[in-house]
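Me: Could you take a close look at a single part of this model, and then follow its contacts outward into the rest of the chain? I would like one connected account, with the cut-offs stated where the terms come in.

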Amino acid sequence: MTTDELARLAVWYNHLRDTSNDTFMPLFSCESRYLVLKGGGGSGKSIFAGRKVLERCVSEPGHRFLVCRKVARTLRESCFAQLRGQISRSEEHTSELQS
């Protein structure tokens with residue numbers, strides 16, 4: 001690995017740690033078919049799950065993902081909006097890394 005690649009990896013990892021709950025971090029490398037997260041409101045479950053799904057979409061093309069919530073009627077306002085926001089921020093973050 002080149003120095004530039006290591007630097008980009010370090011920036012990516014630091015960004016991941018800054019935007020994820022430490023409790024869920026060990027699950028980031030888990031390649032299990034199912035991921036069930038439990039925790040109180042505001043614990044970062046949706047943020048972590050969204051980030052994990054997006055990272056796997058990029059690193060493992062060809063997958064399809066299903067995101068579920070206990071209260072389905074809030075899915076579009078919460079999880080869907082969260083994923084859209086994370087995609088936008090990810091695109092911005094990638095642009096910054098490339099410049």
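Reply: T23, at 60% relative accessibility, counts as exposed (over 50%; buried is under 20% and partly exposed lies in between, with a 1.4 Å probe and protein chains only). The model is a predicted one, in which local features need pLDDT of at least 70 and side-chain atom pairs count only at 80 or more, while totals for chains, interfaces and linings use all residues. Residues are numbered from 1 along each chain as its sequence is written, and side-chain values use heavy atoms, with hydrogens and water left out.

T23 sits in the loop between helix 1, which spans 3–19, and helix 2, and this loop is the part I will follow. For orientation, the protein chain holds 3 helices and 0 strands (DSSP runs of H or I with at least four residues, and of E with at least two, numbered from the N terminus), and its elements run α-α-α from the N terminus on. From T23 to K45 there are 22 residues in sequence, and the C-alpha to C-alpha distance between the two is 9.9 Å.

K45 comes up again in the surroundings of L37, which, once neighbours within four places in sequence are set aside, is in contact (heavy atoms within 4.5 Å) with F24, L27, K45, F48 and A49. Of these partners, F24 and F48 belong, as does L37 itself, to the largest nonpolar core, a set of 6 residues completed by L16, M25 and F28 (buried Ala, Val, Leu, Ile, Met, Phe, Trp, Tyr and Cys residues joined through side-chain atoms within 4.5 Å).

F28, one of those core residues, is found in the same loop between helix 1 and helix 2. Whereas T23 is exposed at 60% relative accessibility, F28 counts as buried at 16%. If residues up to four places away in sequence are not counted, F28 touches W12, L16, F48, R51, K52 and E55, so that this list holds L16 and F48, which are also members of the largest nonpolar core. Between F28 and L16 in particular, the sequence separation is 12 residues and the C-alpha to C-alpha distance is 9.6 Å.

On the helix 1 side of the picture, R17 has its place in helix 1 and is partly exposed, with a relative accessible area of 40%. With residues up to four places away in sequence left out, R17 touches D22 and M25, and M25 is another member of the largest nonpolar core.

Two cysteines may also be of interest. C30 is partly exposed, with a relative accessible area of 30%, and C57 is likewise partly exposed, at 36%. The count of disulfides (cysteine sulfur atoms paired within 2.5 Å) comes to 0.

Seen against the whole protein chain, the buried state of F28 belongs to a background in which buried residues make up 20% of the 99 residues. Among the contacts of the chain with a separation of 6 or more, 42% come from residues 24 or more positions apart. To draw the loop together, it holds both the exposed T23 and the buried F28, and F28 is also part of the largest nonpolar core together with L16, F24, M25, L37 and F48.
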